[in-house]
Amino acid sequence: MNTYIKQISDRIRELRDILEISAEDVAKDTGISEEEYLAYENGDKEIPISILYKVAGIFKVDPTVLMTGDVPRMDDYTVVRGGNGIKVERYNGYSFSALAFNYKHRQMDPMIVTLSKSETAELVHHPGQEFNYVIEGAIKVIVDDREFTLEAGDSIYFNPEKPHGQRAVTETAKFLTVINE
């Protein structure tokens, strides 16, 4: 497991301890088993972004706190220069760069996602709405029981409460995702 993911797991465990919330309660509130939650918290399993956001909600902190250990500071605007977003490698072949991490009380999260070619897509679900815009390469987007192949310049807007996932169909692909939870 990479160091960055381990740091996130450590922050989650530390904050849960400080807040005196049981692992059982966090697991129940995120809708997963206690065993699965502890695997995320101990760094044994990579935590999906949807679970990270749910845990942040339970702890009443911005997800940036869990990702960086720091709190967002900007009220009116934030500027992120090219290549300077918070980079998270969820697993080999899937990374993202958070672009609005320093904006307080944000209602949406724009991220640049970079994928390596894969035959499968991990399906996740979360509340809100989601928008994907392909920047380079081609991706397959699965939403519920539908599959869409999108190329550079194509976009999709969908209900992320439906099981969904993305995978690269070219060697690498990059897309902008904006999630409103």
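These are my notebook entries on the core, the internal spaces and a few single residues of this structure, which is a predicted model.

**Entry 1: the nonpolar core**

I began with the largest nonpolar core, which holds 41 residues, and I looked up which of them touch the most other members; these are Ile-12, Tyr-37, Phe-59 and Phe-96. I then asked which element gives the largest share of this core, and found that helix α4, residues 49-59, does so with eight residues.

I followed Ile-12 further and, leaving out residues up to four places away in sequence, listed its contacts as Tyr-37, Glu-41, Ile-47, Leu-52, Val-55, Phe-59 and Leu-66. Two of the names in that list, Tyr-37 and Phe-59, I had already noted among the core residues that touch the most other members.

**Entry 2: helix α4**

Since α4 gives the largest share of the core, I checked how much of the helix is covered. Nine of its eleven residues are buried, and I therefore noted α4 as largely enclosed by the rest of the structure. The buried residues are Ile-49, Ser-50, Ile-51, Leu-52, Tyr-53, Val-55, Ala-56, Ile-58 and Phe-59. I also looked at what comes after the helix, and there I found Lys-60, which has a positive phi, near 60°.

**Entry 3: the cavities**

How many cavities of 30 Å³ or more are there? I counted two.

For the largest cavity I recorded a volume of about 200 Å³. Its lining is made up of 18 residues, and those closest to the centre are Ile-49, Arg-90, Tyr-94, Val-124 and Gln-166. The elements that contribute two or more residues to this lining are α4, β1 (86-91), β2 (94-98), β3 (109-116), β8 (164-168) and β9 (172-180). When I sorted the lining by class, I obtained nine nonpolar, six polar and three charged residues.

The second largest cavity encloses about 60 Å³, and I listed its lining as Ile-5, Ile-8, Ile-47, Ile-49, Leu-52, Val-88, Arg-90 and Phe-96. At least two of the lining residues come from each of α1 (3-19), α4 and β1. By class I found seven nonpolar residues and one charged residue here, with no polar residue. I noted that Ile-49 and Arg-90 appear in this lining and also among the residues closest to the centre of the largest cavity.

**Entry 4: the pockets**

I turned next to the open spaces, where the largest pocket has a volume of about 310 Å³. Of the 13 residues that line this pocket, Tyr-53, Asp-62, Pro-63, Arg-106 and Asp-109 are the closest to its centre. Which element gives the largest share of this lining? I found that it is α4, with three residues. The lining of the largest pocket divides into six nonpolar, three polar and four charged residues.

The second largest pocket comes to about 170 Å³, and of its 14 lining residues I noted Gly-83, Lys-87, Ser-97, Leu-99 and Ile-112 as the closest to the centre. Strands β2 and β3 each supply at least two residues of this lining, and β2 gives the largest share, with three. By class, I recorded four nonpolar, seven polar and three charged residues for the second largest pocket.

**Entry 5: Asp-109**

I returned to Asp-109, one of the residues closest to the centre of the largest pocket, and placed it in strand β3. Is Asp-109 buried or exposed? Its relative accessibility is 9%, and I therefore entered Asp-109 as buried, the cut-off being under 20%. The side chain of Asp-109 makes a polar contact with the side chain of Tyr-53, at 2.7 Å. Apart from residues up to four places away in sequence, I found that Asp-109 touches Tyr-53, Thr-177, Val-178 and Ile-179. Tyr-53 is itself one of the buried residues of α4.

**Entry 6: Val-71**

My last look-up was Val-71, which I found in the loop between α5 (63-68) and β1. At 46% relative accessibility, I entered Val-71 as partly exposed. Setting aside neighbours within four places in sequence, I noted contacts from Val-71 to Val-65 and Asn-102. I also compared Val-71 with Tyr-103, which lies 32 residues away in sequence and 9.1 Å away in space, C-alpha to C-alpha.

How values were computed. Residues numbered from 1 in each chain as written. Predicted model: local features only at pLDDT ≥ 70, side-chain atom pairs only at ≥ 80, totals over all residues. Heavy atoms only, no water. Core = buried A, V, L, I, M, F, W, Y, C linked by side-chain atoms within 4.5 Å. Buried < 20%, exposed > 50% of the residue type's maximum accessible area, 1.4 Å probe, protein only. Helix = DSSP H or I, 4+ residues; strand = E, 2+ residues; numbered from the N terminus. Contact = heavy atoms within 4.5 Å. 1 Å grid on protein atoms, 1.4 Å probe; cavity = no way out; pocket = protein on both sides within 12 Å on 5 of 7 lines; lining within 4 Å. Points joined across faces, edges and corners; volume = space filled by probe spheres on them. Nonpolar A, V, L, I, M, F, W, Y, C, P; charged D, E, K, R; others polar. Polar contact = N/O pair within 3.5 Å; in protein donor to acceptor, adjacent residues only side chain to side chain.
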